[in-house]
Structure formats: C-alpha cells, structure tokens
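User: I am new to this structure and would like a close look at a single residue and its surroundings. Could you choose one and describe its setting step by step?

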Amino acid sequence: GYHSVDAEGVFVTINDTELKWFGCAREELVGKKKHRDLITPDTQAAYDAGFAYFLAYGEVRDLEFKIARKDGVVMDMLLNATSVRDADGRIRHSRSTMFDITERKQAEMKLESAVRANQLIMQHSLDVICTVDGQGRFDFVSAACAKLWGYQPEELVGRQYIDLVHPEDHPATNRAAAALMAGRPVLNF
C-alpha cells in the first residue's frame, strides 16, 4: 500500500490497496483523519515513536504496528517512509509504503509456540536430550542429564561437551562430531 501524510500525520493521499485494508472510502480519510487514528491502541506507542523519528530525521524504516480495519479485523503492518520537504527544509508530506505482514506474524507465533512446546517436551523427557552449538558447548540440556551425569542442566549449559567424555574416547567422539557438523548421519555416538 501507499499513502502520504502531512507533518501532523493527516492523510494527504492514499491508494486503493490501503483503502481496501482499512475498509474506508478515500473521502473518509484524506484531509480528515490521521494515520494514527487507524492504529490499534496496543501499538500506538510504537507508531508514535516511529512518527517522532520520522519528523526528526525525515525517514523511518521497518516500523511494525497493527491497524484496526473498519470491520474490526486487525492486521499486522510494516511501514517505510521518507519525507518530501519544502524549500525551507520543513516536511511537506511523507512518501509511505505499507506492507501487510499478518501472515508472517501468524507464522512466527506458530513457530514460537512449537519451539516452546518442543522445549517443554524435551525438558520433561526421561531421556537424556541435549543440543550443542557449533563450538561444542551445550546450549540445551534436559533434566534427565542430572541423573546420568550428576550435573544440573544449568551447570552444563555453556560448557564443552567433550569435558564429559572419557579421554580415551576423545578421538572417536571428535570423528563423530566432525561427521555431524558436515551433515552426515551418525548412528552410534
């Protein structure tokens, strides 16, 4: 979508895409309403901060907020804007593009929910489950590790996993780790 607002935030122009998103007629908005009037109350503070930045610096990038359509549907939006100034350097109006990021935000929420569910399952599993970062440090350790290794999970996170391997097993462990890092399957580790 595209629109322009003046230095007070009042619509100067708006394209059909945004009119459809808002569920409004052009006559309802242009010269009458501020863009802020269509922002949900829970995201108005972020929008206000972004608009203040725009007024101070003449642009804003990747400002996220939500709009409330006339029919009550809430949409997640991303705004980028630059200013058009008069001969004295005062902002005349914006050149603003908006993107509907509702589907992306919903996908992010589903992913976050799935990650939390997986972490909960892994944390309460009776099996020893751990993950290691690219430098060989534990970044997740299940509670079952305490029974096996005698360490609480928080004592292991950030520690090198090789510290828990018997020195005689270091060469075989390092070969298996190298295979895993190269993307090859390792059946017995």
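Analyst: S94 is buried, with a relative accessible area of 1%, where buried means under 20% by a 1.4 Å probe on protein chains only. This is a predicted model, in which local features need pLDDT of at least 70 and side-chain atom pairs pLDDT 80 or more, while totals for chains, interfaces and linings use all residues. Residues are numbered from 1 along each chain as its sequence is written, and side-chain values use heavy atoms, without hydrogens or water.

S94 sits in strand β5 (strands are DSSP E runs of at least two residues, helices H or I runs of at least four, numbered from the N terminus). The side chain of S94 is joined to that of S96 by a polar contact of 2.7 Å (N or O atoms within 3.5 Å, one able to donate a hydrogen and the other to accept it). Beyond its neighbours within four places in sequence, S94 is in contact (heavy atoms within 4.5 Å) with Y2, H3, S4, V5, F54, T82 and S83.

Looking outward from S94, the largest nonpolar core (buried nonpolar residues from Ala, Val, Leu, Ile, Met, Phe, Trp, Tyr and Cys, joined through side-chain atoms within 4.5 Å) has 23 residues, of which F22, L29, F65 and I67 touch the most other members. Strand β5 (91-100) is among the elements giving two or more residues to this core, along with β2 (11-14), α1 (16-22), α3 (44-57), β3 (59-68) and β4 (74-85). Apart from neighbours within four places in sequence, F65 is in contact with residues including H35, I39, Y47, L79 and M98. A second, separate core of seven residues includes F138, Y161, I162 and A177.

Key. Buried means under 20% relative accessible area, exposed over 50%, partly exposed in between (1.4 Å probe, protein chains only).
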